Every structure is written in structure tokens, then in C-alpha cells.
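Let's take a walk through this chain together, starting with a pair of strands and then moving on to some packed helices. Have the viewer open as you read.

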Amino acid sequence: MPAVSKGDGMRGLAVFISDIRNCKSKEAEIKRINKELANIRSKFKGDKALDGYSKKKYVCKLLFIFLLGHDIDFGHMEAVNLLSSNKYTEKQIGYLFISVLVNSNSELIRLINNAIKNDLSSRNPTFMCLALHCIANVGSREMAEAFAGEIPRILVAGDTMDSVKQSAALCLLRLYKASPDLVLMGEWTSRVVHLLNDQHMGVVTAAISLITCLSSKNPDEFKTCVSLAVSRLSRIVSSASTDLQDYTYYFVPAPWLSCKLLRLLQCYPPPEDGAVKGRLVECLETILNKAQEPPKSKKVQHSNAKNAILFEAISLIIHYDSEPNLLVRACNQLGQFLQHRETNLRYLALESMCTLASSEFSHEAVKTHIETVINALKTERDVSVRQRAADLLYAMCDRSNAKQIVAEMLSYLETADYSIREEMVLKVAILAEKYAVDYSWYVDTILNLIRIAGDYVSEEVWYRVIQIVINRDDVQGYAAKTVFEALQAPACHENMVKVGGYILGEFGNLIAGDPRSSPLVQFNLLHSKFHLCSVPTRALLLSAYIKFINLFPETKATIQEVLRSDSQIRNSDVELQQRAVEYLKLSSIASTDVLATVLEEMPPFPERESSILAKLKKKKGPGAVSVELEDGKERGELNGGGDRGGDAAIAASNASTPSPSADLLGLRSAAPVSGAAPSAGSLLVDVFSEAGPAASSSGANDDCFLSSAPPSAASEDPAPPLPESDELLNKFVCKNNGVLFENQLLQIGIKSEYRQNLGRMYLFYGNKTSVQFVSFSTTVSCPGELQSQLNVQTKTVEPLVEGGAQVQQVINIECLTDFIDAPLLNIKFRYGGALQNISLKLPVTINKFFQPTEMAAADFFQRWKQLSQPQQEAQKIFKASHGMDTEVLKAKLLGLGTALLENVDPNPENYVCAGVIQTKAQQVGCLLRLEPNAQAQPGEQMYRLTLRSSKDTVSQRVCDLLAEQF
């Protein structure tokens with residue numbers, strides 16, 4: 001940048017600033033400023049022949065006055081005139097004034113843009129940099145429209161100076177963040193990526209900031225940057241501190257560039273090229289090795305730079321989650337930081353280890369630091385560090401250490417900060433439920449939790465313990481005994497009274513044989529707490545009392561006396577008064593049999609996702625990382641017994657930042673909770689009204705279904721289906737629920753059900769980012785002949801999807817006749833201003849409309865012979881893609897929708913199935929025979945699949961679909 005000569009000192013400006021500083025009062029300052037403004041205004045209006053120096057000086061004074069907090073309403077034109085000067089200092093002041101004072105809606109913006117264009121085309125690097133800085137500082141949409149096409153050209157031009165390239169890259173980044181829809185790289189993409197190979201490190205540093213931002217929004221367009229980034233990182237990591245002298249910071253070569261390169265690589269999966277991946281692994285190992293070396297300087301700047309690179313490298317290792325050796329080494333390195341004297345390092349180590357704990361490769365390594373983490377929970381002074389320690393304990397918990405961790409968290413709860421108590425309570429409750437193999441331990445833990453932190457135990461927690469006790473016969477007696485003992489404490493929390501009232505009302509008879517807990521003793525104990533409780537708890541206790549009359553007839557007179565008292569039947573609260581009157585009447589007039597029927601024991605609760613879980617997810621926000629319950633007998637028993645229903649899922653958050661693997665929709669763990677039925681707008685709308693997820697309310701449009709549109713009906717052309725659409729479709733041939741699609745921004749989950757020729761599908765769109773999706777819309781279309789084969793109706797979705805939130809869409813399907821193609825789902829929304837356009841194939845296949853048909857062996861082979869015409873049979877012989885596991889094969893055949901016929905085929909290793917495909921036009925009977933060659937060596941095993949049906953197109957389509965499953 002040119003030096004400022006003595007003649008540019010602007011003595012008048014210095015005198016004015018000195019006068020302002022010498023003012024003794026605010027009034028004196030305002031008076032001096034008004035005098036100067038009047039003088040400047042007269043100069044601008046009166047003397048038309050002001051030279052550049054005078055304009056610059058007066059514009060500088062106006063700028064100074066503005067920075068003091070005073071409004072400036074003139075001088076803008078003079079500043080614009082300075083832009084045409086050939087003197088650097090005059091042009092600089094003009095750009096400075098415009099950057100600070102000119103509004104993007106100003107009428108002068110066209111003149112300013114013309115001046116900027118002149119400077120950009122001047123090839124004077126100093127003037128070009130000034131113009132680029134002004135564009136970036138203003139950053140308006142008008143600027144983006146005017147220069148978004150010009151700046152990339154300057155950036156990649158071979159004759160552009162390095163300093164201009166740096167400014168151009170950062171200017172383009174600013175415009176892209178402000179108006180991403182206007183900055184289209186297109187033909188410049190590959191040349192911008194190759195700036196990573198530039199000889200000038202400053203250009204690379206500026207360019208990588210731009211490429212990282214572009215890659216996060218359009219990863220596929222910039223995926224070629226991975227190999228270049230690895231190459232550049234390798235050169236930096238392997239260099240000595242003397243090799244990059246101009247970019248070495250306290251003996252650390254190019255720390256900022258290294259961090260940016262590592263952050264860029266986190267936008268992509270591990271490299272597929274073996275050589276590139278090997279080179280990257282070598283870089284990461286080198287970074288971990290350097291962290292173990294003695295420091296080359298005792299200055300804090302050296303350790304900060306070194307640790308910044310290390311933490312970014314560990315973040316990349318965690319992101320890839322594919323190198324066990326690196327994950328364990330990263331864990332050990334973080335373990336050393338857990339005892340570092342620097343609080344920030346301890347915090348970052350705990351936060352990173354939370355993520356490492358979720359990896360199967362490093363979970364055991366994380367568990368070795370349990371004592372250190374427990375000590376941090378107890379002794380750390382900073383509450384944020386203690387909270388991260390609690391998060392890490394929660395994340396590293398498994399069946400082997402659950403009791404130890406829960407005990408330590410309960411112990412800490414007694415002295416925990418009020419700001420984290422509620423979250424701690426939820427985590428303890430979830431861990432106790434998740435890893436409870438001894439249910440007496442679970443009951444003890446929850447009651448202890450209520451005793452220690454009763455004020456922070458939400459309704460969801462004690463609701464859940466009630467559900468589990470009711471669903472577990474073997475724990476009911478122990479729960480009644482334990483809660484009875486807990487209620488005998490002089491100071492008893494109200495939540496304990498609620499649990500006690502409910503459990504004793506249901507299972508008090510299990511401990512009534514002991515004189516110390518006789519029916520009257522139980523009642524008196526509960527009633528002694530009555531006057532201290534709130535209205536909802538009193539209402540619960542009244543219900544417990546009427547249950548006592550059924551369980552223990554000898555308490556009837558005592559309880560009726562209580563119900564008859566004025567404090568009950570004349571209670572000011574209408575709910576309590578109504579309960580007292582009705583319960584009193586019920587106990588007086590009902591026979592023993594009627595009373596026993598009305599007041600019988602509560603039935604087991606239906607299986608569903610833990611409500612504690614939902615509470616924790618809501619508290620932790622959109623970045624919650626979910627963890628499923630372990631499969632197996634314990635999971636089924638915990639939620640109500642293996643014979644009472646399916647598995648229920650439990651998940652919990654252990655991180656506070658969004659993760660690409662976050663299961664926002666909960667579809668990997670549990671189906672949505674059933675809700676109210678939609679109104680019957682049509683046959684399709686009403687067919688599944690008694691079962692299905694509750695649709696999100698959207699006002700009047702909630703029951704408004706739209707018929708599917710042909711592809712041309714959309715306002716913008718939908719994107720072609722993703723290349724992996726067929727693969728995603730095949731995953732759902734034998735199942736109805738799961739995650740259909742997932743990328744860095746969006747997760748699409750699906751739940752569907754079919755009856756006869758009708759189907760209903762629920763799509764869940766989850767925003768995995770912390771930024772809103774705007775203009776969110778979906779279109780389902782039936783291409784070509786499919787319009788006459790399927791009738792598809794969709795509900796509209798909300799146009800705004802908040803960060804971390806999900807919206808639900810209901811799709812109704814009617815099969816008119818057999819079909820081959822699948823409907824297309826097109827999703828459009830704007831993320832950060834950039835249009836996202838995704839097209840997928842909806843997993844609606846002909847087998848979804850199967851009705852299973854049971855047949856005897858004789859009937860099966862008689863029908864098999866009847867379908868003997870060549871066009872009625874489709875057959876495929878193919879190599880097995882997976883192992884021939886009997887249970888897996890049976891599950892897939894049942895998932896297809898047919899009935900699996902046992903003991904029908906003469907060869908017991910063969911599988912035969914039968915079903916009828918229901919369409920509106922006709923019914924198509926199908927018979928299936930699958931012959932595995934299980935005796936062959938692994939890798940040489942084959943299948944022969946034969947389909948026979950009354951319609952040739954159905955035979956071929958079902959055969960093609962099923963062959964892909966084995």
C-alpha cells in the first residue's frame with residue numbers, strides 16, 4: 001500500500017479533532033460540531049472548484065463526526081467524486097466514507113457501482129483491492145447482482161496479483177453469505193478449487209475459506225478439492241518451521257491454513273482413493289505424534305496454535321469414524337488433556353470425548369478414563385466443564401459400568417448447580433431404565449432421585465416409573481414395600497407422595513400381610529401427607545383411597561368418613577369436590593362385584609418411546625444425538641415384558657452440536673405415537689383412521705389432500721431422481737419403516753401401512769441444521785402410465801422448517817391396477833438462500849398390496865400346475881449377495897407381504913409362499929418358490945427364484961424386486 005506523504009497530513013482535520021477532545025462539556029462539543037458542519041456545507045455548496053485534497057479533508061471530518069454518533073445527511077456526492085481520483089489517499093477516503101455511510105438503497109449506488117467497475121478493470125492492484133474491500137463491506141444484494149459474475153473472473157485470472165486474489169476470494173465469500181442465489185460458480189468451479197495449489201500461501205488461506213463455505217452447501221460440485229486439500233495439508237504437516245517462515249506462528253507452520261484444511265475435509269466422507277486416504281491418515285498420525293513432542297516454546301501462543309490443529313484433526317478422525325487406531329490414539333490424547341491445568345483444554349477434551357464415546361471403535365478406550373471424569377464432575381470449579389463431564393459420563397455408560405455411573409451422578413446431584421439439575425435428573429432416569437437388569441435397583445434409583453432432587457423430577461420421570469412397575473409383575477411387591485418405607489420420612493417430596501399414592505393404590509395388597517404395613521397403616525400414612533399437597537396430588541390420593549376400598553374392605557368406613565367430611569364434599573376446588581362426591585356414592589351403592597370391576601388393577605401400558613427421552617431431546621435442542629436401547633431380552637422386559645408387546649426404543653442426547661449421524665426423526669428406534677384420526681374427507685383419508693401417527697396441525701389445510709400432479713405441473717423443473725434412488729427403493733421392498741434418505745441437511749423418514757388396495761404413508765422431513773429451511777415444498781408425481789395405475793393424494797407441508805425440527809406429511813395411495821414404476825417425490829427448499837432440489841423414488845412397489853394366503857400342500861401344487869403357461873412364470877437364477885441365514889430369509893419373505901407356507905415343499909430347505917395382490921381392477925394370485933443352494937461353499941451359493949401368477953407383468957416385477965433382496 002502506498003506510503004502517505006507529509007502533504008496528506010490534513011492539518012485542518014487534526015485541529016478539529018483536537019478541538020473536540022478539548023471540549024469541557026457535551027454542549028460545547030455539539031456547538032463545535034455544528035459550527036464545523038455549517039462550514040463544510042458552505043464549502044460544498046459555495047465553492048465549486050474544491051480540489052481533491054479539500055474534498056478529502058472535509059469528507060474525513062464528516063466521517064469523524066458520524067463516528068461520534070451524529071447523523072450526516074450530506075457529503076455523499078463529494079465522497080463519490082473522490083472515487084474517480086487517481087490519488088490513492090483520496091480514493092481510499094471516498095471508499096471508506098461509502099463503506100460506512102452509504103445505504104444499500106441509496107440513489108447513488110449506480111454511480112458507485114460504475115466507479116467500482118472502472119477500478120476493477122483498471123488493473124491497478126491497489127485500486128482493485130480498494131474496490132473489492134468496498135464491495136465486501138457493503139455486501140448488498142445490488143452489489144452482488146452487479147459484481148458476482150466479475151469477481152470470480154478476477155480471482156482465477158492468471159495475471160491477477162496475489163494480493164488482489166486474496167481480496168477477491170474474501171469478497172466473493174462475503175457476497176455468497178449475503179446472497180448465495182446470486183453467486184453461481186458454474187464454469188469457475190474447477191479453477192477456484194485449483195487455487196489450493198497456488199504457490200502463495202495467502203491466496204490458499206483466503207481461497208480455502210471460500211471453498212469450505214461453497215462445499216458445505218454444494219458438496220458434490222467441489223468434491224475434487226479433497227485430494228488437493230490432502231496434498232496441501234501433507235506438505236504443511238511434513239514441513240519444518242523454517243520452511244514456511246512467513247507463515248510460521250510461534251514455531252507452528254501455517255496453523256490457520258492447517259485448521260481450515262482439516263475443517264474442509266470434514267465436509268466430505270473418507271476419500272475413496274486408497275492413495276489419498278493413506279496420505280491423509282499419515283498426516284493425522286503426524287499431527288498426533290507432534291502433540292506428544294516437547295513444546296518448542298513456553299509461550300501460550302505456541303500451545304494454542306498447536307492444540308488448535310490437534311483438535312481439528314481429532315474432529316476429522318471422529319467425523320470419519322473408520323480408523324480404529326486413530327480413534328483410540330485420539331482418545332488417549334484427549335485423556336491427557338483431562339488433567340491439564342488449562343480449563344479450556346479440559347472443556348474441549350470432555351466435549352470431544354462425548355462424541356468419541358458413541359463410536360464402536362473408541363468406546364472402550366473412553367471408558368478407561370471414567371475415574372478422571374468422575375473426579376472432574378466433583379472438583380471442577382467451572383460449571384460448564386462439570387456439565388460436559390456429566391455429558392461424557394452419560395455417553396460412556398453401558399451395562400458394565402451403569403451402576404457406578406448412576407451412583408456417582410446421584411451423589412453429585414446433592415450439590416449440583418441448579419442450572420443443570422433437571423438435565424442430570426433426566427439422564428439418571430434414562431440410564432437407570434436403559435441398563436436395569438435388576439428392577440429393584442431401578443426402583444431404588446428413581447425413588448432416591450426423587451428424594452435428592454424432587455423439585456427437578458418432572459412428571460415424565462415418575463410417570464415412567466409407574467409404567468414400568470405396572471408392566472413388571474416381579475417388581476410390584478418390592479416397589480410397594482420400598483415406596484411405603486420412603487413415605488415414612490418426616491419430610492417427603494410431593495412427587496414421592498404421587499408415586500406412593502399410585503403404587504399403594506394398585507399394589508398395596510402385596511404388602512398388607514405385614515402388620516407394620518397393614519391396610520389401615522398404609523391409608524393413615526398416605527392421608528397424613530394429604531393436607532401438604534397440591535390439588536393434582538390430592539386428586540390422585542382420593543383415587544388411591546377408593547382403590548383401597550376395593551383392595552381392603554375393612555378400610556371402607558374410615559375412608560368414607562374422610563370422603564364425607566366438609567373439607568372434601570364442600571371443597572372449593574371443583575375437581576376435588578366432584579371426586580369426593582362420586583367416590584363416596586360409588587362406595588355406598590355399588591356391589592362388591594361392580595366395585596371390583598370398576599376399580600380393577602390398571603392394565604399394562606402399551607409399548608412406546610420413553611417420555612423422559614422426549615423431554616431430554618426437547619431440553620438439549622436440535623443437536624441431540626440419539627442412542628438406541630440394546631437389542632435383546634432385557635429391552636423387551638424392561639418396557640413391559642417380552643410377552644406384552646414389541647420392543648420400545650430409548651434414546652438420549654450426549655452432544656450439544658448438530659451431528660451428521662443424528663437421528664432427528666427417531667425412526668431408527670421407534671414408530672411415531674398414534675394420534676387422533678383425520679376426518680374422513682374421502683375413502684383414502686379414512687381407511688386407516690384408527691391407527692397412525694398424529695399429523696401435525698396446520699390449520700384449515702390439515703385435512704386437505706392434493707392429488708398427485710404430473711411432472712410438468714411444477715413451477716420449476718424438478719431435479720432428476722438421485723442416482724441411488726433405485727438402491728433406496730430396494731431397501732424398502734421387504735420393510736415399511738426406516739430412513740429413506742439422509743444428507744448433511746435433511747433426513748427423510750418413512751412409515752407406511754397397507755390394507756387391500758389402499759395404503760397410507762407418513763413422511764417425516766427433519767432439518768439436521770440449526771438454520772431454517774424456507775419455501776419448503778414437496779410434490780409427488782406419477783410419471784407416464786403410472787398416472788392411470790396409482791391414485792396418489794398428498795397433504796401440504798408447512799413452508800418453514802425450523803433448525804432441528806421436523807414436519808410430517810401424509811400420503812394416501814390407491815392401487816388401481818398393477819404397475820412397475822414408482823412415484824417420484826420432489827423436495828424443494830432454500831437453505832441459506834441456496835435452492836435445494838432433491839428427487840427420490842417413493843418406495844411404493846406392487847408387493848405392498850399383497851394379502852397373505854394360507855394354503856395346504858395339495859392346494860398349492862394344484863394351483864402351481866394351473867399357472868403353467870410360459871407367460872405366467874418368471875424365473876431368476878442368481879448368486880447370493882448375503883449369507884443364507886434361515887431366519888433372515890424367512891423375515892424377508894414375510895416382509896414381502898406373502899404367507900410363508902411351512903411343510904409344503906418336499907425339499908425342507910426350499911421356501912414357498914402364496915399371496916393375492918389386491919388392485920381396484922382385479923385380484924392377482926401369486927405363488928413363489930425360492931430354492932437356495934446352501935450346501936455350496938460361501939461365495940458360490942446360488943438361488944433359484946420362481947414366480948407364477950395369473951398376470952405375466954406381475955410375475956416378472958415381483959421376481960425382479962425379490963431377487964435384489966438376497
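Two strands count as a pair if DSSP finds at least two bridges between them. With that in mind, look at strand E10 (residues 824-831) and strand E11 (residues 834-841) in this predicted model. Eight bridges join E10 to E11, and the two strands run antiparallel. To get your bearings in the ladder, find Asn826, which stands opposite Ser839 in E11. Then follow the chain round the turn: the hairpin of E10 and E11 has two residues between the strands, and Gly832 takes a positive phi near 60 degrees there.

Now zoom out for a moment. The chain holds 41 helices and 17 strands. Of its 966 residues, 52% count as buried. Among contacts with a separation of 6 or more, 70% are made by residues 24 or more positions apart.

Next come the helices. Two packed helices are described by the angle between their axes and by the distance between the axes. Try this on helix H3 (residues 52-67) and helix H5 (residues 88-101), whose axes come within 10 Å and cross at roughly 30 degrees. Angles under 35 degrees count as roughly parallel, so H3 is roughly parallel to H5. The crossing of H3 past H5 is left-handed. Which residues of H3 and H5 meet? On the H3 side you will find Gly52, Tyr53, Lys56, Val59, Cys60, Leu62, Leu63 and Phe66, and on the H5 side Thr89, Glu90, Ile93, Leu96, Phe97, Val100 and Leu101. Sorted by character, the residues of this contact between H3 and H5 comprise 11 nonpolar, two polar and two charged.

Further along the chain, turn to helix H24 (residues 439-453) and helix H26 (residues 473-487). The axes of H24 and H26 also come within 10 Å and cross at roughly 30 degrees. H24 and H26 are therefore roughly parallel to each other. What is the handedness of the crossing as H24 passes H26? Here the crossing is right-handed. H24 contributes Tyr439, Ser440, Val443, Asp444 and Leu447 to the contact, while H26 brings Val475, Tyr478, Ala479, Thr482 and Val483. Seven of the residues in the contact of H24 with H26 are nonpolar, two are polar and one is charged.

Finally, set the two helix pairs side by side in your viewer: H3 passes H5 in a left-handed crossing, whereas H24 passes H26 in a right-handed one.

Key. Residues are numbered from 1 along each chain as its sequence is written. This is a predicted model: local features need pLDDT of at least 70, side-chain atom pairs count only at pLDDT 80 or more; totals for chains, interfaces and linings use all residues. Side-chain values use heavy atoms; hydrogens and water are left out. Axes are lines fitted to C-alpha atoms, for helices over the stretch in contact, and angles run from 0 to 180 degrees between N-to-C directions. Helices (H or I, at least four residues) and strands (E, at least two) are DSSP runs, numbered from the N terminus. Angles under 35 degrees count as roughly parallel, over 145 as roughly antiparallel, 65 to 115 as roughly perpendicular and the rest as oblique. A crossing is left-handed if the near helix is turned anticlockwise from the far one by less than a right angle, and right-handed if clockwise. Contact means heavy atoms within 4.5 Å. Ala, Val, Leu, Ile, Met, Phe, Trp, Tyr, Cys and Pro count as nonpolar, Asp, Glu, Lys and Arg as charged, and the others, Gly among them, as polar. Buried means under 20% relative accessible area, exposed over 50%, partly exposed in between (1.4 Å probe, protein chains only).
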